Amino acid sequence: MKWEKLAYTDFDDIDRATPVLLNIGAVEQHGPHLPLDVDCRIGQLFCDHVDTAMAEAVLTLPQVKVCCSRHHMDFAGTLSVSHETLLAYLKDMIGSITAHGFKNILILNSHGGNQAIGRVCVEVMGPLLAAQSGRIAFTSWWDVASEALVKLNESGQFGVGHACEFETSLMQMMAPDEVRMEAIPGKSFVPHAAWADGDLLRSSPVLLYRSMEQISGGNGVVGDPSAASPQKGQAILDLVVPELVTILRELSQR
């Protein structure tokens with residue numbers, strides 16, 4: 001059920017244990033071959049398919065599009081808010097949700113720069129939800145099926161990071177006309193040190209701040225979009241959605 005498509009009277013018949021799904025994305029550069037709204041499009045894709053799969057067993061909130069993208073600001077078009085602003089916004093949204101009696105919330109992230117503050121939000125709001133016998137959780141789409149996704153990764157280590165093999169595959173699958181095939185670059189990644197180098201599927205042991213301009217070598221791409229395909233995009237979708245459905249179903253069970 002799409003929250004914003006309901007009339008207020010529809011809520012009378014909805015079980016307050018029904019899990020609520022909220023996607024946080026980004027509007028930022030995605031290399032020379034992809035549009036700025038890639039993270040939003042991907043997050044909405046997963047939410048729409050979860051909504052279809054679960055029907056009346058889930059409530060899907062309006063997407064939060066502009067989030068934490070300060071590390072992309074070297075590239076024109078990027079929009080960003082501070083971590084403090086996003087946290088305050090999420091807290092207010094969650095306050096509205098709980099005011100209507102809903103108490104089980106999953107924040108689904110589709111942008112790497114939101115991960116830290118998303119986890120902080122769970123730590124901050126968790127006690128409030130727990131006091132109402134509810135739960136709040138956070139995940140990024142690439143984490144929920146990471147072992148299976150590694151097997152899809154043909155470009156190897158540092159092949160999936162940003163505007164990469166996976167993100168380009170998902171865009172080729174759902175919006176092929178918006179992928180500038182002639183502009184797809186090869187593999188891009190500027191190494192720093194073994195302890196700081198990682199990608200979406202293989203995190204580094206140490207978190208080191210580097211801007212996207214530094215990591216990508218200036219082209220805005222981290223990974224290898226040349227290894228993308230629409231078939232791979234469909235495979236990613238087929239792996240991630242069932243995992244999200246399982247999480248949401250179990251989130252509302254005590």
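Is Asp37 buried, partly exposed or exposed? Select Asp37 and look: this residue is partly exposed, with a relative accessible area of 26%. On that scale, buried means under 20% relative accessible area, exposed means over 50%, and partly exposed is in between (1.4 Å probe, protein chains only).

Before moving on, some ground rules. You are looking at a predicted model, where local features need pLDDT of at least 70 and side-chain atom pairs count only at pLDDT 80 or more, while totals for chains, interfaces and linings use all residues. Residues are numbered from 1 along each chain as its sequence is written, and side-chain values use heavy atoms, with hydrogens and water left out.

**Stop 1: salt bridges**

Stay on Asp37 and add Arg41. The two form a salt bridge, with the closest N and O atoms 3.5 Å apart; the term covers a side-chain nitrogen of Lys or Arg within 4 Å of a carboxyl oxygen of Asp or Glu. Arg41 is partly exposed at 24% relative accessibility. Now add Glu178 to the selection: Asp37, Arg41 and Glu178 are linked in a network of salt bridges. The structure holds seven salt bridges.

Next, pick Lys2 and Asp48. Their salt bridge has its closest N and O atoms 3.1 Å apart. Lys2 sits in the segment before strand 1 (20-24) and Asp48 in helix 1 (residues 38-54), so this pair ties together parts that are 46 residues apart in sequence. Helices (H or I, at least four residues) and strands (E, at least two) are DSSP runs, numbered from the N terminus. Both ends are partly exposed, Lys2 with a relative accessible area of 26% and Asp48 with 29%.

Then go to Glu165 and Lys232, another salt bridge, where the closest N and O atoms are 2.5 Å apart. Glu165 belongs to helix 6 and Lys232 to helix 8, so the pair ties together parts that are 67 residues apart in sequence. Here both Glu165 and Lys232 are buried.

**Stop 2: along helix 8**

While you have helix 8 (residues 230-251) in view, click on Val245, which is found there. Val245 counts as buried, at 12% relative accessibility. Draw a distance from its C-alpha to that of Ser155: these atoms are separated by 28 Å, and the residues are 90 apart along the chain.

**Stop 3: two positive phi angles**

Most residues other than glycine have a negative phi. Select Phe158, in the loop between helix 5 (146-152) and strand 5. Phe158 is not a glycine, yet has a positive phi of about 70 degrees. With a relative accessible area of 17%, Phe158 is buried.

Now jump to Ala163, in the loop between strand 5 and helix 6. Ala163 also has a positive phi, about 55 degrees, although it is not a glycine. Its relative accessibility is 0%, so Ala163 counts as buried.

**Stop 4: the cysteines**

What is the number of disulfides in the structure? Zero, with a disulfide being a pair of cysteine sulfur atoms within 2.5 Å. Show Cys47 and Cys40 to see one case: the closest cysteine sulfur to that of Cys47 is in Cys40, 11 Å away and too far for a bond. Cys47 is buried, with a relative accessible area of 2%. Cys121 is in no disulfide either, as the nearest cysteine sulfur, that of Cys68, is 11 Å away. Cys121 counts as buried at 0% relative accessibility.

**Stop 5: the largest pocket**

Select Gly112, Gly113, Gln115, Leu207 and Ile215. Of the 39 residues that line the largest pocket, these are the closest to its centre. The pocket has a volume of about 1200 Å³. Helix 3 (115-131), helix 4 (141-144), strand 5 (160-162) and helix 7 are the elements that give two or more residues to its lining. Helix 3 contributes the largest share, three residues. A pocket here is an open set of points on a 1 Å grid over the protein atoms alone, where a 1.4 Å probe fits, with protein on both sides within 12 Å along at least five of seven lines; lining residues have an atom within 4 Å of a point. Points are joined across faces, edges and corners, and the volume is the space filled by probe spheres set on them.

**Last stop: a nonpolar patch**

Finish with Leu208, in the loop between helix 6 (165-174) and helix 7 (212-216). Leu208 is partly exposed, with a relative accessible area of 33%. Add Trp195 and Val206, which form a nonpolar surface patch with Leu208, about 240 Å² of accessible area together. Patch members have over 30% relative accessible area and no salt bridge, and nonpolar side chains (Val, Leu, Ile, Met, Phe, Trp, Tyr) are joined within 5 Å, like charges within 9 Å. The areas come from the Shrake-Rupley method with a 1.4 Å probe, and for residues only the protein chains shown count as cover.
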